[in-house]
Amino acid sequence: MASRQEEQQDTKFYLTGNFAPVPDELGAIDLPVEGALPPELCGRYLRNGPNPAPGREPSHWFVGDGMLHGVRIEDGRAEWYRSRWVCTKALETGEDFVKEDGSVDRTVGVANTHVVCHAGRILALVETSFPTEVTPDLDTVGPYDFDGRLTTAMTAHPKRCATTGELLFFGYSFAPPFLTYHRATAAGELVQSEDIDVRGPTMVHDFNVTAKHVVWMDLPIVFDLELATQGRFPYVWSDDYGARLGVMPRTGGSADVRWFDIEPCYVFHPANAHEDETGVISVDVARYPELWRGAPEGFDRTASLWRWTIDPAAGAVHEKQLDDQAAEFPRIDPRRVGLPHRYAWLAGSGLLGNGDGFGPSILKHDAARDRVEPYRLRASQSAGEPVFVPASSSSGEDEGWVLSYVYDSATDGSELLVLDAHDWGTAPVARVPLPRRVPFGFHGSWVDDDEL
Ligand SMILES: [Fe+2]
């Protein structure tokens, strides 16, 4: 009898249901709006995700060609919806970023994981490669390497400091240097790059920043050469690697990192980190107790919200589960990155690849009340990552809206859902039915017109 992972591998869940790609690009203007789009929203909601082009069946959900789905909003109107492939070399020529001789070309990548705006540039990101710049209309400009200063891959999860406006990020690789830290100014100038010593070729999907420090997650999903030679996604769980967090000053380097052992686990996505006046650091994360043992294709475990409290003076980390509901893709108010936050929003999740999509709920975590409140969708609906947009630069932490693409299996359609982030659980502020379903994807951003 086939194991569950083998069954998942056979079904290739990422090619079925609403994980399946759409066959082409699409555009529509003057979309219908149910309810009222807040007049304060003036910009674009953009979201990235894998959408393998016809004939390019990927070996894993994570490696399909990136497609952006955007909705332009102004003066209460949904001006347009567009889906556009990121026209990378990988898409256009079929190249892989790893060459036959094992060398890498960081100008090649599927650009499928996130889309962010920094210093006026919109960047589609995938962690194997350089960013790919796109225009506000979602046309592809090309690879962006910070004027030649970036020489490694760039994570899909850079952190823009809410205080300084700096963009802090990193790249990781299966070959040395395994991890490299980068710091760019608010104006987009890459001013620091530091190789960071880790134990081996760990998969570092995301990291954390506080007002003064970076917190690395050196976790036990590691590169596997045998899987790579089989053409499979080359990262699996390791019982030998160990797990630790590394605290480093934001302008420091590898020699400055203090490492703290933790229980083995995997984290794709933290919500946020911050430190108090005594130097104690709190890190809230969507934590998997284990993932990808033996094979990397299935998602047979779910994540839930945990908190690591790092006490550098005591040399210890306290680990605590904050909530036991399955949840992923935590997001916070972008004005609280690296600072104490009260609220986080997460997508309730099912067992991906086990016939489930994402779950029919969006969760709001209130750290002050130690409570998670679900916003319940219909059973046939699944929400993607919830993105918080403040009502104004001076509004309170949850005064604004949560935006997410919601898929409904009953209609095989999608909508942009706009929820009141403060009056949680009330009827949607607005819904924008889209002309076609938006496949389940990864991450996105609200790009306000002021940023462009
Ligand atoms: Fe991610």
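The following exchange goes through a predicted model, from its iron site to its cores and strands.

Trainee: What are the ground rules for the numbers?
Mentor: Residues are numbered from 1 along each chain as its sequence is written, and side-chain values use heavy atoms, with hydrogens and water left out. In this predicted model local features need pLDDT of at least 70 and side-chain atom pairs count only at pLDDT 80 or more, while totals for chains, interfaces and linings use all residues.

Trainee: Which residues are the protein donors of the iron ion?
Mentor: Donors are N, O and S atoms within 2.8 Å of the metal (3.2 Å for Na, K and Ca); water is not among the atoms, so sites may look incomplete. Along the chain the donors follow the spacing H-x47-H-x63-H-x173-H. Each binds through NE2, at 2.0 to 2.1 Å from the iron ion: H157, H205, H269 and H443.

Trainee: Why is the arrangement around the iron ion what it is, and what is it called?
Mentor: Four donors count as tetrahedral if all angles lie between 85 and 135 degrees; four count as square planar and six as octahedral if opposite donors are over 155 degrees apart and all others between 65 and 115; anything else is irregular. Here the 4 donor atoms subtend angles of 91 to 169 degrees, which makes the arrangement irregular.

Trainee: How many residues apart in sequence are the parts tied together by H157 and H269?
Mentor: Strands (E, at least two residues) and helices (H or I, at least four) are DSSP runs numbered from the N terminus. H157 lies in the loop between β9 (140-143) and β10 (159-160), and H269 lies in strand β20 (residues 266-275). The pair therefore ties together parts whose separation in sequence is 112 residues.

Trainee: Is H157 buried or exposed?
Mentor: Buried means under 20% relative accessible area, exposed over 50%, and partly exposed in between (1.4 Å probe, protein chains only). H157 has 6% relative accessibility, and for H269 the relative accessible area is 5%, which also counts as buried. By that cut-off H157 is buried.

Trainee: With which side chain does the side chain of N272 make a polar contact?
Mentor: A polar contact is a pair of N or O atoms within 3.5 Å; within protein, one must be able to donate a hydrogen and the other to accept it, and residues adjacent in sequence count only if both atoms are side-chain atoms. N272 is found in strand β20 and counts as buried at 6% relative accessibility. At 3.2 Å, the partner is the side chain of H341.

Trainee: How many residues has the largest nonpolar core?
Mentor: A nonpolar core is a set of buried Ala, Val, Leu, Ile, Met, Phe, Trp, Tyr and Cys residues joined through side-chain atoms within 4.5 Å. Among the residues with the most contacts inside the largest core are W61, F268 and I310. Its count is 64 residues.

Trainee: Which residues does I310 contact, leaving aside neighbours within four places in sequence?
Mentor: Contact means heavy atoms within 4.5 Å. I310 is in contact with V215, L245, V247, F260, G279, V280, I281, V283, A316 and V317.

Trainee: Which strands stand at the edges of the open sheet of β10, β11, β12 and β13?
Mentor: Two strands pair if DSSP finds at least two bridges between them. The sheet has 4 strands in the order β10-β11-β12-β13, with antiparallel pairing. Two of the strands have a single partner each, so one side of each is left without a neighbour in the sheet: β10 and β13 (190-195).

Trainee: How many of the residues of strand β5 are buried?
Mentor: Strand β5 (residues 77-85) pairs in the antiparallel sense with β4 (residues 66-74) over 8 bridges, and with β1 (residues 26-31) over 5 bridges. β4 and β5 form a hairpin with 2 residues between them, and D75 in the turn has a positive phi of about 50 degrees. β5 is largely enclosed by the rest of the structure, because the buried count is 8 of the 9 residues.

Trainee: Which residue in β7 stands opposite V116?
Mentor: Strand β6 (residues 114-118) and β7 run antiparallel and are joined by 5 bridges. In their hairpin, which has 2 residues between the strands, A119 takes a positive phi near 50 degrees. Opposite V116 stands L123.
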